Amino acid sequence: MFRVKLGFTTLMRLLWVILILNKIEEELQNKLYKTQIMIYLDNNATTKIDPRVLDAMMPYLTDNFANAASTHKFGVAVNDAVSLARKSISNLIGCETNEVFFTSGSTEAINLLLKGVFSGTKERKEIITLHTEHSAVIDTCSALEKEGAKITFIPVNSNGLVDLEKIKEAVSQNTLLVCVMYVNNETGVIQPIKEISEIAHNAGAYFMTDATQAVGRIPCKVDELGIDMLCFSGHKFYGPKGIGGAFIRQRRPFRVKINPLLHGGGHEKGIRSGTLNVPGIVGLGKAAEISDKEMKKDEERIKELRDYLESSLLQIEGTSINGTSEHRIYNTANIRFNGIDSDALIMGLDDIAVSNGSACTANSIEPSHVLTAMGQNDEEAFSAIRFSLGRYTTLKDIERTKVEVNKAVLTLRTMTQI
Ligand SMILES: *Cc1c(COP(=O)(O)O)cnc(C)c1O
């Protein structure tokens, strides 16, 4: 009876439906697979936006689109949201709201601070910094050297830490500012910035720090640490990309005199003209608020995972840590795999996002300037991998990374033996 009713066309239609359903399921599986498979251990390069940050931003990308500088009530409402974000940042770093200046990120903030202070002060010409700084600092210093600045680089030890005595010897009446990053992006090494700022202040110089890897991740209070200027970036602590800012001390005795880089509408008290990136600023504020509350919890969880990963990987023969273990941020493990080319290892770790921190220029690949500054030769510097964990790293990620790295190292070592 059944067989009679089921004609040929109906059968074909049924088959067709089954085929389509299969195809849809396959696509879905593919998608799930693709999003699940990436293990992201490159949080020092950038972080995934926190969904709560995205939610906070959404109204300012849609209905609340008014210009924060407009005087109608829609503009005023948007400006209130900017003020709230400024408050969240000032809470996070422990400063006054009038000391927070929004920029497009840390690179711009570093340029503003270094160039703005240099051109704002005539009496002192020297900037003291480290070879292990981010290229945003080093390259800006090089640019200022052409404008007549004297740039003094202080060497670091093989563990990445700076010798305070060497800074003491270097400072003089000509020192305009000492610029030392808080947390190194490649090794995670934490410099003794409170002590460095004291040395700078005793010489009548400003103290500036690139705190991009610190703000939102570890406590970073400007008064406790004696910071006169710092920069931060939203995308390094689960906020959006393209937004960040500078802290510029407005209180004595180290009130900073600064000239703007950008001229125009006089936004940000004339320090940074340009229509405010309101959705970005709101997201940045939300990210700061979340970090302020959850920093400790994040640290405990991430540190446990990082320590586990690190101790597992150190069981592989011919491995060592780059950077001191006592003064290092909880999310970073920079590990050297002797005799292994880091680019080959990164390629071997297909689905795992890690970094070797080496800068690729047009046609040559330079070894990490941070590791060579720590006294490593090119071969040593080329065999380092940076694992940087974050809020969304899971134990499962670490378990798989451990297995995959072991496998890849073994394969590469067998290949080079042949
Ligand atoms: C990422 C980073 C920067 C650059 O920040 P952007 O906001 O991306 O310009 C500068 N310094 C350090 C230490 C960083 O990690």
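What follows is a chat between a trainee and a mentor about the predicted model above.

Trainee: Before we start, what kind of model is this, and what pLDDT do local features need?

Mentor: Residues are numbered from 1 along each chain as its sequence is written, and side-chain values use heavy atoms, with hydrogens and water left out. The model is predicted; totals for chains, interfaces and linings use all residues, side-chain atom pairs count only at pLDDT 80 or more, and local features need pLDDT of at least 70.

Trainee: OK, how many salt bridges does the structure hold?

Mentor: Start with the rule: a salt bridge is a side-chain nitrogen of Lys or Arg within 4 Å of a carboxyl oxygen of Asp or Glu. Going by that, the count for the structure is 24.

Trainee: Which residue does Asp50 pair with in a salt bridge?

Mentor: Look at the loop between β1 (39-40) and α3 (51-61) for Asp50, then at the loop between β12 (384-388) and α14 (395-417) for its partner, 341 residues apart. Those element names are DSSP runs numbered from the N terminus, helices being H or I with at least four residues and strands E with at least two. The closest N and O atoms are 2.8 Å apart, and the partner is Arg391.

Trainee: Are Asp50 and Arg391 buried or exposed?

Mentor: The cut-offs are on relative accessible area, with a 1.4 Å probe and protein chains only: buried is under 20%, exposed is over 50%, and partly exposed is in between. On that scale, both Asp50 and Arg391 are buried.

Trainee: And how far apart are the closest N and O atoms of Arg249 and Asp228?

Mentor: Arg249 sits in the loop between β8 (244-248) and α10 (278-313), and Asp228 in the loop between α9 (222-225) and β7 (229-233). Arg249 and Asp228 are both buried. Their salt bridge has its closest N and O atoms 3.2 Å apart.

Trainee: Which residue meets Arg328 in a salt bridge?

Mentor: Arg328 is in the loop between β9 (319-321) and β10 (332-337), and its partner is in helix α10, 18 residues apart. Both side chains are buried. The N to O distance is 3.1 Å, and the partner is Glu310.

Trainee: Which residues are joined into one network by salt bridges that share partners?

Mentor: We've already met two of its members, Asp50 and Arg391. The full set is Asp50, Arg52, Glu294, Lys297, Asp298 and Arg391.

Trainee: Moving on to domains, what separates the centres of domain 1 and domain 2?

Mentor: Domain 1 covers 39-49 + 295-416 and domain 2 covers 51-289, with bounds from an automatic or database domain assignment. Taken over C-alpha atoms, the centres are separated by 27 Å.

Trainee: What area is buried between domain 1 and domain 2?

Mentor: Buried area is the accessible area (1.4 Å probe) that two parts lose on being put together, summed over both. Carbon and sulfur atoms give 57% of it here, and the area is about 2,700 Å².

Trainee: Which three residues supply 24% of the area that domain 1 buries against domain 2?

Mentor: This is more than any other three residues supply on that side. They are Ile49, Met295 and Ile329.

Trainee: How many residue pairs are in polar contact between domain 1 and domain 2?

Mentor: There are zero salt bridges between the two domains. A polar contact is a pair of N or O atoms within 3.5 Å; within protein, one must be able to donate a hydrogen and the other to accept it, and residues adjacent in sequence count only if both atoms are side-chain atoms. With both residues at pLDDT 80 or more, the count is 18.

Trainee: Why does Glu99 count as buried?

Mentor: Glu99 lies in the loop between α4 (73-93) and β2 (100-103). Its side chain has a polar atom 2.8 Å from the backbone nitrogen of Glu96, and also reaches the backbone nitrogen of Gln250 at 2.9 Å. Glu99 counts as buried because its relative accessibility is 0%.

Trainee: Last one: how far apart in space are Ile258 and Ser119, C-alpha to C-alpha?

Mentor: Ile258 is in the loop between β8 and α10, and it counts as buried because its relative accessibility is 13%. Leaving aside neighbours within four places in sequence, its contacts (heavy atoms within 4.5 Å) include Leu112, Leu113 and Gly116. Ile258 and Ser119 are 139 residues apart in sequence, and in space 7.4 Å.
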